[in-house]
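Reader: Please take a close look at one part of this model, the salt bridges. I would like the pairs described one by one, with the burial of each partner.

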Amino acid sequence: MTDDRRSFLLTGGAAVAGLMTRDLSAQDEPADPVAAAKEFIDAHEKKLRPLEVAAGKAWWDANISGKDDDFQKKEEAQNKIDAALSDPKPFAALKGLKKALDAKKIADPLLARQVELLYLAYLEKQVPPELLKKITAKANTVEQSFNVYRAKVDGTEYPDSKVRSTLKQSADSALRKKVWEASKGVGGVVEADLKELVALRNDAATQLGFKNFHQMMLTLNEQDGVELVALFDELDELTKKPFTDAKADIDGRLAKKLGVGVDELMPWHYHDPFFQESPAVYDANLDAPFAKADIPKVCAAFYAGIGLPVDRVIAKSDLLEKKGKSPHAFCTDIDREGDVRVLANIVNNEYWMGTMLHELGHSVYSSLNIPAKLPYLLRAEAHILATEGVAMQFERFSKSRAWAERMGLKVENAEAFDEAAAKTQRNQLLIFSRWCQVMLRFEKAMYEDPKHDLNKLWWDLVEKYQQLKRPKDRNFPDYAAKIHICSAPVYYHNYMMGQLFASQVHHAIAKEVFGTDPKKVIYVGDKKVGEFMKKKVFEPGRTLSWKALAKFATDEELNPKAFAKDFQG
C-alpha cells in the first residue's frame, strides 16, 4: 500500500449547520442569489486559483528536495490560502448564499454544489489567523522531519527501500529487530510536535463547534462518524475469521523460513514495518517478473492500452530515490489543467510495480480525465475514497500473472506463481482491512482524548485487530512513525472505503464491459475499460457526493459485498 498524502476534499456539509455552537448563523439573503453566487465564485476563483497553484508547486518542491527554504516557501504558500479563506467578510457573504441555498433559491445544481463546497472551505478556516499559522507551521515541521529521517543501524543509514528489503529477505532476527526499531525512530523525533499539533487541531475544531478535530474532518468530508464505525464493525465481523485463518498460515510459513517458533514471531518478523502488507511467504517470487522491467514504461503501455494515457504525467514526475526527498509515494494535481505529477522511489519489485499502478491510477482520475468544461471548483475527484478506490483498482494487477504476461513480462513457473499471487492478493485484502481498523480507531480515540496513554492504546489495537505481539516492555511512540497520523489526519479510513469502491467498480466493469467473472478480467488493451471509467467515475468530477458516485457508477450504494467476494476466493 502506498503512502499517499493528497489534499483533503471538503465536500458535503448538510449536517454542519446543526453542529455549530459559535455564532455562524446566516446573514441576510442577497436580493438575487443566483447573480450573487456567480459573482462570489468568480471573485473566489480569481483570488484563490493562483494561490492554490503556487502552493501545489511549493509543496512539490519541498517534498522533492527536503530543503529548509523549500519547506518555508510551502508554509508561506499555505498561509496565503488560509488568510484568504479565513477572511470574515467573504464568509459573511457566503452565509447569505448558504441561507438562500437551504431555502432552495439556487436551482442550478452546479452552482448550488459550488456554494456548498465554498461554504465548507471557508467555514473550516473561521478561526483566529494565528491559530491557522501555528497549525501550518507545526505540520510543516513534522512533514520535513519525515522527509529527512533515515533509519540508522549500527552507524549505517537505511533508506526506506533498504528497510523493506531487509525485513523481506533477512533471516537474522536480531538484525530485523534493529531495522524495525530504527524505522520507528522517526516516531520519537516527531512525538512532541504531533501531540502539540493534535491539541492545535482540536482547538480549531472546538472553536467551530465540533467535539474534536476527528468529528470535524468527517463532517466536512460528507461522512458520518456513527455510520463509519458501524461499517468498520461490519468489516471486522466479515474479516475476523478469514484473517485469523490466513495469519495462522502466514505465521507457520514465516516461522519456518526464519527458523523460529510460531510463538516467537514478533512484529519485526513480518515484511512491512506496520504489517499492512502481505508477507512474501510462498514459493514463487512475485518480484521476479519486475526485476529487470522498466516499470514506468510498463505502466505507460498499460494505461495507454485502456485509453487512459499517462505519458505527460510521467514526464513531469520524479521517480527515483535520493537524499532529502520524501521516501514515500504520492500523486498531485497542481493546477486542475493537466499538470499532474507522481513522486516515487522506484525499486524493481512487485511492491513498486503496484505502487506505480496505484499512483498513476490517481493521475488518470484527476484533471486528466475530468472535463475541462466543468467549473474549476468541481474539476477534481468526487472524494478521497473515490480516488483511492480507483488507484487500488489498478494496483491489484501487479499480482496477476495473466496481466504481467500480457504486458510482455516473463513469469517463471506459472502454476506456482498463480498460487502464490492469488493467496498473497487475498491475504493483502484481509491484512489491509485489519490495519485500517487500527488506524481509524486509534485516530478517533486520540482526538477524543489526547491524554490517553497513546503508546498503550496503539498496541492494544494492534494486538486486537492485527494479532501481533506487543514487544515486551516497549514504551515508544510507534504510532507517531506512521506519517498519515501526522501529515494526513483522519484520512486512512478512506483507503478501506476505497477498497470497497475498487471491488464494486471492478465487478461492474466485469459485468457491463466483459460479461464474465471479475477474477478473469485484466483490462489489458481494452479501451472500453477507459471509456467506462471516464463516463461512470471520472467525468462527474465533484458534481456528485461519494455516495451518489458509487450509485451512479455501480448501480449500488457503497457496500462490502464485492470486496467480500474478492477475498473469499
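Author: The structure holds 43 salt bridges, a salt bridge being a side-chain nitrogen of Lys or Arg within 4 Å of a carboxyl oxygen of Asp or Glu. Side chains of opposite charge can pair when their charged atoms come close. This is a predicted model, in which local features need pLDDT of at least 70 and side-chain atom pairs count only at pLDDT 80 or more, while totals for chains, interfaces and linings use all residues. Residues are numbered from 1 along each chain as its sequence is written, and side-chain values use heavy atoms, with hydrogens and water left out.

One of these pairs is Glu196 with Lys138, whose side chains meet at 3.3 Å, N to O. This salt bridge links distant parts of the chain, as Glu196 lies in helix α8 (residues 185–207) and Lys138 in helix α5 (residues 129–148), 58 residues apart. Helices here are DSSP runs of H or I with at least four residues, and strands are runs of E with at least two, numbered from the N terminus. Burial is graded by relative accessible area: buried means under 20%, exposed over 50%, and partly exposed in between (1.4 Å probe, protein chains only). Glu196 is partly exposed, at 40% relative accessibility, whereas Lys138 is buried, at 17%.

Asp318 and Lys322 form another salt bridge, with their closest N and O atoms 3.1 Å apart. In this pair the acidic partner is the buried one: Asp318 has a relative accessibility of 18%, and Lys322, at 38%, counts as partly exposed.

A further salt bridge joins the side chains of Glu556 and Lys561, at 3.0 Å from N to O. Glu556 is partly exposed, with a relative accessible area of 29%, and Lys561 is exposed, with 52%. Elsewhere, salt bridges with shared partners connect Lys456, Asp460, Glu463 and Arg470 into one network.

Another lysine, Lys98, can be described by its surroundings. Lys98 sits in helix α3 (residues 88–102) and is buried, with a relative accessible area of 7%. Leaving out residues up to four places away in sequence, Lys98 touches Val115, Glu116 and Tyr119, contact meaning heavy atoms within 4.5 Å. Lys98 and Lys469 lie 51 Å apart in space, C-alpha to C-alpha, and 371 residues apart in sequence.
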